[in-house]
Amino acid sequence: MKLELRIDSITTDDTDTVEDLELLCISKERYGNVELCFRGGGWNIPFAQIKLYNSKRAVDADAVFESAKFLGEEICRRWNLQNQRIGCLDELPIEVSEDNPLLKSFMRSSRE
């Protein structure tokens, strides 16, 4: 899947597919939150923020920062692991036969 961005001063090329992008977790301890970013084309492009408190108090931000950091790192770990698995599917020498429509459908959807 090709990733298209509409962010000022950032352009993407034809090689920016979801499978090519690594997910990063950037901790902002001062603000008590974590940002999830795509690393691609020399840029870290933020797209999500994990904030586990709803007040504007520093005490609340400090109390939940470690949980937010753990959650962000786990999301990144799973994303990057899944992309490695999808990349390995392209390298497998699997013959898709016409008599197995389930395998044929799986291989087609995993490469899109």
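**Exercise 1. Find the salt-bridge partner of D60 and describe how open to solvent each side chain of the pair is.**

Step 1. In this predicted model, D60 pairs with R57 in a salt bridge, and their closest N and O atoms are 3.7 Å apart.

Step 2. A salt bridge requires the nitrogen and the carboxyl oxygen to be within 4 Å, and the 3.7 Å of this pair meets that cut-off.

Step 3. Now look at the accessibility of each partner. D60 has 24% relative accessibility and counts as partly exposed, while R57 has a relative accessible area of 51% and is exposed. The cut-off for exposed is over 50%, so R57 at 51% passes it.

**Exercise 2. Work out which elements the salt bridge between E22 and R39 connects.**

Step 1. Start with the layout: the chain has 2 helices and 3 strands, in the order β-β-β-α-α from the N terminus.

Step 2. Check the contact. The closest N and O atoms of E22 and R39 are 3.8 Å apart, and the two form a salt bridge.

Step 3. Place the residues. E22 belongs to strand 1 (residues 22–28) and R39 to strand 2 (residues 33–40), so the salt bridge ties together parts that lie 17 residues apart in sequence.

Step 4. Add the accessibility. E22 is partly exposed at 34%, and R39 is partly exposed too, at 42%.

**Exercise 3. Take the salt bridge between E35 and K28 and decide for each residue whether it is buried or partly exposed.**

Step 1. The closest N and O atoms of E35 and K28 are 3.2 Å apart.

Step 2. E35 has 17% relative accessibility. Buried means under 20%, so E35 counts as buried.

Step 3. K28, at 29% relative accessibility, counts as partly exposed.

Step 4. To round off the topic, a search of the whole structure gives 5 salt bridges. Beyond the pairs treated above, E74, R77 and R78 are linked in a network of salt bridges.

**Exercise 4. Explain why C76 forms no disulfide, and say what can be stated about C37.**

Step 1. A disulfide is a covalent bond joining the sulfur atoms of two cysteines. The structure holds 0 of them.

Step 2. C37 is in no disulfide, and its nearest cysteine sulfur, which belongs to C76, is 8.3 Å away.

Step 3. For C76, the closest cysteine sulfur is in C25, at 4.9 Å, and that is too far for a bond. The cut-off used here is 2.5 Å.

Step 4. What about burial? C37 is buried with a relative accessible area of 2%, and C76 is buried at 6%.

**Exercise 5. Identify the members of a negative and a nonpolar surface patch, and locate a helix 1 residue in each.**

Step 1. The negative patch consists of E29, D62, E66 and E73. Among them, D62 sits in helix 1, which spans residues 58–91.

Step 2. D62 counts as exposed, with 55% relative accessibility.

Step 3. The nonpolar patch is made by L52, L71 and I75 and covers about 220 Å². One of these, L71, is also found in helix 1.

Step 4. L71 has 38% relative accessibility and counts as partly exposed. Patch members need over 30%, so L71 qualifies on this point although it is not in the exposed class.

Step 5. As a last check on the whole chain, 27% of its 112 residues count as buried.

Key:
Residues are numbered from 1 along each chain as its sequence is written. This is a predicted model: local features need pLDDT of at least 70, side-chain atom pairs count only at pLDDT 80 or more; totals for chains, interfaces and linings use all residues. Side-chain values use heavy atoms; hydrogens and water are left out. Patches are made of residues with over 30% relative accessible area and no salt bridge: like charges are joined within 9 Å, nonpolar side chains (Val, Leu, Ile, Met, Phe, Trp, Tyr) within 5 Å. Accessible areas come from the Shrake-Rupley method with a 1.4 Å probe; for residues, only the protein chains shown count as cover. Lys and Arg count as positive and Asp and Glu as negative; His and the chain ends are not counted. The place of a charge is taken as NZ of Lys, CZ of Arg, CG of Asp or CD of Glu. Helices (H or I, at least four residues) and strands (E, at least two) are DSSP runs, numbered from the N terminus. Buried means under 20% relative accessible area, exposed over 50%, partly exposed in between (1.4 Å probe, protein chains only).
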